[in-house]
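Visitor: Please pick out the aromatic rings and give me a close look at how they pair up. Follow the story outward from there as far as you like.

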Amino acid sequence: MALTAEDIKEGKCYATRGPERYKVIAINPRGIVTFLTWEGNQKPSPLRANCGMKAFLEGVTKEIPCPAEG
């Protein structure tokens with residue numbers, strides 16, 4: 001079952017079809033998603049990326065547990 005815009009929440013993490021993982025930092029009222037990326041067991045990158053909700057939904061496949069902070 002595909003994710004919908006209502007499924008995407010701030011502070012949650014999502015997997016893609018590839019090795020990338022995303023942690024949603026913020027979603028603004030216009031539907032722009034700000035997120036951090038990482039691969040495998042690495043720590044999330046400090047660089048933030050932005051994209052529209054539609055594009056974000058096309059890239060993610062499921063919600064996953066977020067990595068431990070620290």
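Guide: Let's settle the vocabulary: rings of Phe, Tyr and Trp (for Trp, its six-membered ring) pair if their centres lie within 6.5 Å, and planes under 30 degrees apart count as stacked, over 60 as edge-to-face and the rest as tilted. This is a predicted model, so local features need pLDDT of at least 70 and side-chain atom pairs pLDDT 80 or more, while totals for chains, interfaces and linings use all residues. Residues are numbered from 1 along each chain as its sequence is written, and side-chain values use heavy atoms, with hydrogens and water left out. Helices (H or I, at least four residues) and strands (E, at least two) are DSSP runs, numbered from the N terminus.

With that in hand, the structure has 4 aromatic pairs. One of them is Y22 with F35, a tilted pair at 4.7 Å centre to centre and 50° between the planes. Y22 belongs to strand β2 and F35 to strand β3, so this pair ties together parts 13 residues apart in sequence. Y22 also pairs with F56, again tilted, with 5.6 Å between centres and 40° between planes. This one links distant parts of the chain, since F56 is in helix α1, 34 residues from Y22. Altogether, ring pairs join Y14, Y22, F35 and F56 into a cluster.

How buried are these rings? Buried means under 20% relative accessible area, exposed over 50%, and partly exposed in between (1.4 Å probe, protein chains only). Y22 makes the cut with a relative accessible area of 17%, and F56 does so at 1%. F35 is buried as well.

The cluster sits among other nonpolar residues. A nonpolar core is a set of buried Ala, Val, Leu, Ile, Met, Phe, Trp, Tyr and Cys residues joined through side-chain atoms within 4.5 Å. The largest one here has 10 residues: the four ring residues Y14, Y22, F35 and F56, along with I8, V24, V33, C51, M53 and V60. β2 (20-27), β3 (32-39) and α1 (53-59) each give two or more residues to this core. Take C51: setting aside neighbours within four places in sequence, its contacts (heavy atoms within 4.5 Å) are G31, I32, V33, F35 and F56.

Now for the sheet behind the rings. Two strands pair if DSSP finds at least two bridges between them. The open sheet has 5 strands in the order β4-β3-β2-β1-β5, with antiparallel pairing. β4 and β5 (60-64) are the edge strands, each pairing on one side only. β2 and β3 run antiparallel over 7 bridges, and K23 has L36 as its bridge partner in β3. The two strands make a hairpin with 4 residues between them, and G31 in the turn has a positive phi of about 85°. On the other side of β3, 5 bridges join it to β4 (residues 48-52), also antiparallel; there L36 is bridged to R48. As for Y14, its bridge partner in β5 is E63, within a β1 (residues 13-16) and β5 pairing that is antiparallel over 4 bridges.

One last stop in β3 is T34, which counts as buried at 16% relative accessibility. Beyond four places in sequence, T34 touches K23, V24, I25, A26, R48, A49 and N50.
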